[in-house]
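Visitor: I should like to learn how to read the features of a structure, one at a time. May we begin with the ligand and its surroundings?

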Amino acid sequence: MAEPDIVVICGGVGAARFLKGLVRVVAPERIAAVVNVADDMVLHGLHISPDLDTVMYTLAEEIDPDRGWGLRDETWAAMETLGRYGDRNWFNLGDRDLGTHLQRTGRLGEGASLTTVTQELAASWELELSLLPVTDDAIRTRVTRSDTDEELSFQEYFVGQQHGVPVSDVRFVGIEDAKPTDEVLAAIDSASAILIAPSNPIVSIAPVLDVPGVRNAIAVASASVVAVSPIIGGAAIKGPAANMLRELGHDPSATGVARLLADLVDVMVIDDVDAALATGVRAEGVVPWVTNTIMSDPEAAAALARTTLAAAMLGGTDDR
Ligand code: FO1
């Protein structure tokens with residue numbers, strides 16, 4: 001199989017939708033999805049990797065369309081039993097989904113790396129792209145609430161509090177000692193295009209780029225780097241990205257995202273509604289491309305992927 005030549009830096013839902021579009025445009029074998037693992041957690045003794053599973057289930061066309069995570073046609077019998085033992089069912093693990101966590105945890109317990117286990121799981125779901133955790137080391141996002149100064153795990157914030165509390169700090173425990181995998185570094189090195197999917201820049205993209213060595217690998221790679229703004233008209237399609245940007249002192253706009261990524265990206269694809277921000281994006285040293293970025297259906301996702309690839313191939317030239 002040919003080595004992947006398109007790297008996509010991924011978080012969860014937004015990245016999964018973007019990849020669904022991308023596989024309609026290029027052969028899946030050309031794609032290496034480099035996925036965030038800082039949302040991971042061990043719960044009930046099970047290693048759960050939400051962003052890896054969201055990408056995997058979405059590409060396998062098994063994702064639950066309403067939740068955007070977990071498997072379709074799910075049942076919750078195990079959670080019902082867990083509920084009997086106290087507050088043990090705040091994080092919903094469907095009966096079908098549990099099979100994945102049992103398999104991942106069992107294989108990790110046998111000494112397999114997260115990369116190996118992920119490749120095994122992805123093969124079982126007949127994925128044709130490379131699904132790569134950015135690192136096999138443990139990174140855990142911790143979020144500090146600005147109203148109580150309490151520090152929460154990512155999932156306690158995102159699910160426990162339904163990301164409805166203001167944040168004052170985000171940190172990635174363990175990231176200083178984490179290493180990008182050989183597979184990730186090889187994919188970045190041989191890439192003809194490096195795309196940053198429309199994921200949360202604070203808690204999905206940053207914990208991938210900030211793994212020591214990743215930014216440098218991207219900076220020295222020959223590929224053009226193109227990001228898709230996850231913020232449209234000052235808001236995220238889904239999730240807390242705009243709130244987090246604002247609460248952490250960043251501009252909750254496509255311009256603000258361009259400022260965060262300016263040292264790495266050549267181009268940022270922004271939505272038509274943000275056409276007026278193109279000047280501001282350019283002032284950050286990032287070339288704007290303006291198109292529809294709302295992936296309302298697979299065709300829209302494919303069109304976005306096509307435009308993003310065009311921007312990568314044409315490099316930093318303006319959108320003609
Ligand atoms: N998100 C929720 O809002 N509520 C849940 O109960 C929940 C359970 C869950 C189980 C497995 C999984 O892979 C993802 C799950 N998510 C849930 C999403 C999860 O919080 C992700 O981290 C977010 O999608 C952000 O990436």
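Guide: In this predicted model, an oxygen atom of the ligand lies 2.9 Å from an N or O atom in the side chain of Asp 51. Another residue to inspect is Gln 155, where an N or O atom of the side chain is 2.8 Å from an oxygen atom of the ligand.

Visitor: How far from a nitrogen atom of the ligand does a polar side-chain atom of Trp 69 lie?

Guide: The separation is 3.3 Å. Asp 51, Gln 155 and Trp 69 belong to the surroundings of the ligand, which also include Asp 39, Phe 91, Asn 92 and Phe 158.

Visitor: What lies over the face of Trp 69?

Guide: Arg 67 does, at 4.8 Å from the ring centre.

Visitor: How should I describe a pair of aromatic rings?

Guide: One gives the distance between the centres and the angle between the planes. A search of the whole structure finds 4 aromatic pairs. In one of them, Tyr 57 and Trp 125 meet edge-to-face, with 5.5 Å from centre to centre and 70 degrees between the planes. Tyr 57 belongs to helix α2 and Trp 125 to the loop between α5 and β5, so this pair ties together parts that are 68 residues apart in sequence.

Visitor: Is Tyr 57 buried or exposed?

Guide: Tyr 57 counts as buried, because its relative accessibility is 1%. Trp 125, at 25%, counts as partly exposed. Elsewhere, ring pairs link Phe 154, Tyr 157 and Phe 158 into a cluster. Of these, Phe 154 and Phe 158 are also among the residues that surround the ligand.

Visitor: Why do residues three or four places apart in an α-helix point the same way?

Guide: An α-helix has 3.6 residues a turn, so residues at that spacing point the same way. Consider helix α13, which has 17 residues. From its first C-alpha to its last it reaches 24 Å, close to the 24 Å expected. Its buried residues include Ala 301, Leu 304, Ala 305, Thr 308 and Ala 312.

Visitor: What covers the buried residues of α13?

Guide: The cover includes helix α1 and the strands β1, β9, β10, β13 and β14.

Visitor: Which residue caps the N-terminal end of α13?

Guide: Asp 297 does so: one of its side-chain oxygens lies 3.1 Å from the backbone nitrogen of Glu 299.

How values were computed
Residues numbered from 1 in each chain as written. Predicted model: local features only at pLDDT ≥ 70, side-chain atom pairs only at ≥ 80, totals over all residues. Heavy atoms only, no water. Phe/Tyr/Trp six-rings, centres within 6.5 Å; stacked < 30°, edge-to-face > 60°. Helix = DSSP H or I, 4+ residues; strand = E, 2+ residues; numbered from the N terminus. Buried < 20%, exposed > 50% of the residue type's maximum accessible area, 1.4 Å probe, protein only. Lys NZ or Arg CZ within 6 Å of the ring centre and 35° of its normal. Expected span 1.5 Å × (residues − 1). Contact = heavy atoms within 4.5 Å. Polar contact = N/O pair within 3.5 Å; in protein donor to acceptor, adjacent residues only side chain to side chain. Near = heavy atom within 4 Å.
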